Amino acid sequence: MKESLTEKKPLAGNNEINQLAFVVRDIEKTSEMFAKLLGIPKPAWFLTGDSQVSKVVFRGKPTNSRSKLVFMNTPTVQFELIEPNEEPGTMREFLDTVGEGIHHVAFDVDSIKEKLPIFEENGYPLLQSGEFTSSDGRYVYVDTLNDHKTLVELLESAEPRDTEPSKESYEPLLGTDKVEQLAIVVKDLDAAAEAYCKLLGVEKPQVIQSSPSELTKIVFEGEPTQGDSKYLFINTPLLQIELIEPGKSPSTWKKHLETHGEGVHHISFVIKNMNEKIKLLEEMGYPVIQTGNFYNGKGRYAYMDTTLDFKVIIELLERFDS
């Protein structure tokens with residue numbers, strides 16, 4: 001029975017999202033920017049193995065898909081940067097249809113052979129499979145795009161995944177290298193929440209209605225707005241997932257839904273000295289998209305247009321001292 005497989009149990013056997021993967025066109029330039037963001041030396045990329053090594057199968061057909069890869073560890077999740085070649089593959093397809101951006105989230109599993117059927121029985125078919133290049137292991141991408149607005153990768157490795165931060169480091173651009181949140185804009189909050197809670201094996205959290213504009217003081221593209229929305233937060237061991245359903249008034253969430261459709265909207269960092277950080281990013285060529293106060297008045301946020309270099313909006317979160 002389908003229900004017995006998933007009831008209160010994560011589909012992957014755990015709910016630790018440990019990786020955010022970005023598909024990019026220029027891995028040299030992008031890795032340089034991410035290194036500056038995280039305060040680490042720029043790592044060197046490596047090329048995945050040829051078809052004899054990587055054994056990539058995409059949509060049921062073997063392919064010569066290869067990619068340049070870079071891995072960067074943060075205190076929470078690992079960033080993976082991927083520059084695919086022109087051969088058929090899920091990363092190439094993403095780049096050609098969506099453009100640069102976050103392609104998938106990943107979970108470590110003990111056995112793909114055991115976990116993949118659970119995803120398939122729940123309506124998430126195998127999209128691509130392959131073997132690791134630099135270590136003994138394998139991966140699969142399952143097609144969760146419709147329900148979760150991003151793909152899920154399952155990673156099976158014979159050795160522990162490297163999660164150690166770079167030993168050589170300097171001050172991160174924002175004063176922190178800790179990614180707090182992955183936020184996704186959706187059309188139907190209840191449906192998306194149900195899908196995520198099933199994926200993660202957790203109870204549905206409380207839905208939050210946006211507060212009055214007198215409290216939130218939202219400014220979008222220079223103009224005050226109600227910025228109505230409803231949203232919820234799902235905590236996972238390393239990363240908080242925020243799901244956002246925008247309302248009818250102008251907002252970055254509504255514009256994203258109308259322009260790009262459902263999907264990843266931003267990643268968040270908790271910072272100090274908000275005005276100073278906004279000025280820093282503006283001087284680097286990243287304008288403010290939207291600002292406002294938390295729904296409960298205990299902090300404020302700013303969305304910065306960092307998509308050109310970081311392939312996603314970066315949100316700055318500043319908590320007021322209680």
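Which side chain meets Lys-149 in a salt bridge? Glu-262 does, with 3.3 Å from N to O. Before going further, I should say that this is a predicted model.

Let me stay with that pair. Lys-149 sits in the loop between α6 (145–148) and β10 (151–157), and Glu-262 sits in the loop between α9 (252–259) and β17 (263–270), so this salt bridge ties together parts that are 113 residues apart in sequence. As for accessibility, Lys-149 counts as buried because its relative value is 15%, and buried means under 20%. Glu-262, at 30%, counts as partly exposed.

Next, the network. Glu-131, Asp-136, Arg-138 and Glu-156 are joined into one network by salt bridges that share partners. One of the links is between the side chains of Asp-136 and Arg-138, at 3.6 Å from N to O. What are the accessibilities here? Asp-136 has 46% relative accessibility and is therefore classed as partly exposed. Arg-138 has 26%, so Arg-138 is classed as partly exposed as well.

Now a pair inside a helix. Arg-92 and Asp-96 form a salt bridge through their side chains, 2.9 Å from N to O. Both residues belong to helix α4, which covers residues 90–97, and they are four residues apart, about one turn of the helix. Is Arg-92 buried or exposed? Arg-92 comes out as buried, because its relative accessibility is 10%. Asp-96, on the other hand, is at 52% and therefore counts as exposed; the cut-off for exposed is over 50%. In this salt bridge, then, a buried Arg-92 is paired with an exposed Asp-96.

For the total, a search of the whole structure gives 16 salt bridges. The pairs I have described are among them.

Last, one residue away from the charged pairs I listed: Phe-320. Where is Phe-320 found? Phe-320 lies in the segment after β20, the strand at 313–319. With 39% relative accessibility, Phe-320 counts as partly exposed. What does Phe-320 touch, apart from neighbours within four places in sequence? The contacts are Asn-293, Gly-297, Lys-298, Gly-299 and Arg-300. As a distance across the model, the C-alpha atoms of Phe-320 and Ile-208 are 20 Å apart, and these two residues are separated by 112 residues along the chain.

To recap, the Lys-149 and Glu-262 pair ties together two loops, so parts 113 residues apart in sequence are joined. The Arg-92 and Asp-96 pair stays within helix α4.

Key
Residues numbered from 1 in each chain as written. Predicted model: local features only at pLDDT ≥ 70, side-chain atom pairs only at ≥ 80, totals over all residues. Heavy atoms only, no water. Salt bridge = Lys/Arg side-chain N within 4 Å of Asp/Glu carboxyl O. Buried < 20%, exposed > 50% of the residue type's maximum accessible area, 1.4 Å probe, protein only. Contact = heavy atoms within 4.5 Å.
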